[in-house]
Amino acid sequence: MVFWTLIDYTYQLKKYSMGVAAPQTPIPQTDRVTLTDEFERNQWTMSVDSIWALESSDNYCHVYFQEEGRPKQVLIRTSLIRMEQQLAPFSVFYRCHRSYIANFSQVKEVKGNAQGYFLHFHHTDLVVPVARKYSYLVESLKKK
């Protein structure tokens, strides 16, 4: 039993440590995104560079961003899948967990290992977990 457990563990480590690294594309300051709620009644327009991450919370999304040099947060009634579709044109946003989307251009450092990475962002104390399923995305960030 121990032998098969070790074999499976080694297989899982190799599986989750391999993959394509996330591309790093610089974003011009002028790129802006408009996020809308599920009923399209409310809109929030902000710079792509100012957004750190989005977190799902039931039927709501917390958007963590920077405005005038200060960390802010907005609660939007919409699903994370809908937000992911709105952010699809921008190549710096990646789903890194079932509850999080992160802006990889704003990541300051990556801590952890293939069993669990954590993203730390510039100018904030925000920490975003990375699921093992998405660990291949952070390989290029970890090498920085």
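Isoleucine 7 is partly exposed in this predicted model, because its relative accessible area of 41% lies between the limits of 20% for buried and 50% for exposed residues. Isoleucine 7 belongs to helix 1, which covers residues 2–17, and together with Phe3 and Trp4 it forms a nonpolar patch on the surface, the three residues having about 370 Å² of accessible area together.

Serine 47, found in strand 2 (residues 43–47), counts as buried because its relative accessibility is 13%, and buried means under 20%. The side chain of serine 47 reaches the backbone nitrogen of aspartate 49 at a distance of 3.2 Å.

Further along the chain, strand 4 (residues 60–67) pairs with strand 5 (residues 70–76) in the antiparallel sense, and seven bridges join the two. Glutamate 67 stands opposite arginine 70 of strand 5, and in the hairpin of these strands, where two residues lie between them, glutamate 68 takes a positive phi near 55°.

The largest nonpolar core has 19 residues, and Leu119, Phe121 and Val128 are those with the most contacts inside it. Each of the strands tabulated here supplies at least two residues of this core.

| Strand | Residues |
|---|---|
| Strand 3 | 51–57 |
| Strand 6 | 93–97 |
| Strand 7 | 100–103 |
| Strand 8 | 107–113 |
| Strand 9 | 116–121 |
| Strand 10 | 127–130 |

Strand 9 provides the largest share of this core, namely three residues.

How values were computed: Residues are numbered from 1 along each chain as its sequence is written. This is a predicted model: local features need pLDDT of at least 70, side-chain atom pairs count only at pLDDT 80 or more; totals for chains, interfaces and linings use all residues. Side-chain values use heavy atoms; hydrogens and water are left out. Patches are made of residues with over 30% relative accessible area and no salt bridge: like charges are joined within 9 Å, nonpolar side chains (Val, Leu, Ile, Met, Phe, Trp, Tyr) within 5 Å. Accessible areas come from the Shrake-Rupley method with a 1.4 Å probe; for residues, only the protein chains shown count as cover. A salt bridge is a side-chain nitrogen of Lys or Arg within 4 Å of a carboxyl oxygen of Asp or Glu. Helices (H or I, at least four residues) and strands (E, at least two) are DSSP runs, numbered from the N terminus. Buried means under 20% relative accessible area, exposed over 50%, partly exposed in between (1.4 Å probe, protein chains only). A polar contact is a pair of N or O atoms within 3.5 Å; within protein, one must be able to donate a hydrogen and the other to accept it, and residues adjacent in sequence count only if both atoms are side-chain atoms. Two strands pair if DSSP finds at least two bridges between them. A nonpolar core is a set of buried Ala, Val, Leu, Ile, Met, Phe, Trp, Tyr and Cys residues joined through side-chain atoms within 4.5 Å.
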